[in-house]
Amino acid sequence: MNSRTPSFDDLDRRIVTALMANARTSFAEIGAAIGLSATAVKRRVDRLRETGLITGFTATVKPSALGWRTEAYVEVYCEGAAPPRRLAEVVRNHPEITAAMTVTGGADALLHVRARDVEHFEEVLERIRAEPFIRKTISVMVLSHLLPESPEAGATHAAPQ
């Protein structure tokens, strides 16, 4: 990835907006909508990928179709100052954790967890709590998605068997 800040103009923004709405939109379709050739759109997308502004393309799937029927957000409270690097190592070992971030406030981190069912969620929670530097967790179960088209409502990988 290039270390300098890449340029990002209105045409780039319109290309990215189109790809975020539907990553399968062809360069020709995007070009027709914004007044560029398919080749010019491809060059811009390639540049946006090379500079790291576009980080990837993915399919978002209904979680239940992949075996995820339970979802929760977990606040993680650590003993002392757990470095984000250490937290990242821990969460990478749990395929059920679909997103993780350090946060402000009382908690040190917030985890988005998907599980097959409540029993599986409890198992995941116990594995997380077994980490020596984790003092406590507070979980909030998701009942429904108010914005079902949001990326958080979809899944990107299947539940473990």
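1. Start with overall dimensions. The protein has a radius of gyration of 19 Å, whereas a compact globule of 161 residues would have one near 15 Å. Along its principal axes, the C-alpha trace spans about 55 × 35 × 25 Å. Keep in mind that this is a predicted model.

2. Next, the elements. There are five helices and four strands in the protein. Read from the N terminus on, their order is α-α-α-β-α-β-β-α-β. Trace that order along the chain before turning to the sheet.

3. How are the four strands ordered in the sheet? They form an open sheet in the order 2-3-1-4, and the pairing is antiparallel. Strand 2 and strand 4 (134–141) are the edge strands, so named because each pairs on one side only. On average, neighbouring strands of this sheet are turned by 20° against each other, direction ignored.

4. Two helices deserve a look here. Helix 4, residues 84–92, packs on the sheet and touches strand 1 (70–78), strand 2 and strand 3. The direction of helix 4 makes about 170° with that of strand 2. Helix 5, residues 118–129, also packs on the sheet. Helix 5 touches strand 1, strand 2, strand 3 and strand 4. Its direction makes about 155° with that of strand 4.

5. Now take one strand pair in detail. Strand 2 (residues 97–102) and strand 3 (residues 109–115) run antiparallel and are joined by five bridges. Ala100 stands opposite Leu111 in strand 3. Thr102 has Ala109 in strand 3 as its bridge partner. As a rule, side chains in a regular strand alternate between the two faces of the sheet.

6. What lies between these two strands? The hairpin of strand 2 and strand 3 has six residues between the strands. Gly105 in this hairpin takes a positive phi near 100°.

7. Finally, the empty space. Rolling a probe the size of a water molecule over the atoms shows where such space is left. The largest pocket has a volume of about 640 Å³. Which residues lie nearest the centre of the largest pocket? They are Leu19, Met20, Ala23, Thr58 and Thr60, out of 22 lining residues. By class, that lining has 12 nonpolar, eight polar and two charged residues.

Terms used:
Residues are numbered from 1 along each chain as its sequence is written. This is a predicted model: local features need pLDDT of at least 70, side-chain atom pairs count only at pLDDT 80 or more; totals for chains, interfaces and linings use all residues. Side-chain values use heavy atoms; hydrogens and water are left out. Axes are lines fitted to C-alpha atoms, for helices over the stretch in contact, and angles run from 0 to 180 degrees between N-to-C directions. Contact means heavy atoms within 4.5 Å. On a 1 Å grid over the protein atoms alone, a cavity is a set of points where a 1.4 Å probe fits but cannot get out, and a pocket is an open set with protein on both sides within 12 Å along at least five of seven lines; lining residues have an atom within 4 Å of a point. Grid points are joined across faces, edges and corners, and a volume is the space filled by probe spheres set on the points. Ala, Val, Leu, Ile, Met, Phe, Trp, Tyr, Cys and Pro count as nonpolar, Asp, Glu, Lys and Arg as charged, and the others, Gly among them, as polar. The radius of gyration is taken over C-alpha atoms; the globule rule is 2.2 Å times the number of residues to the power 0.38.
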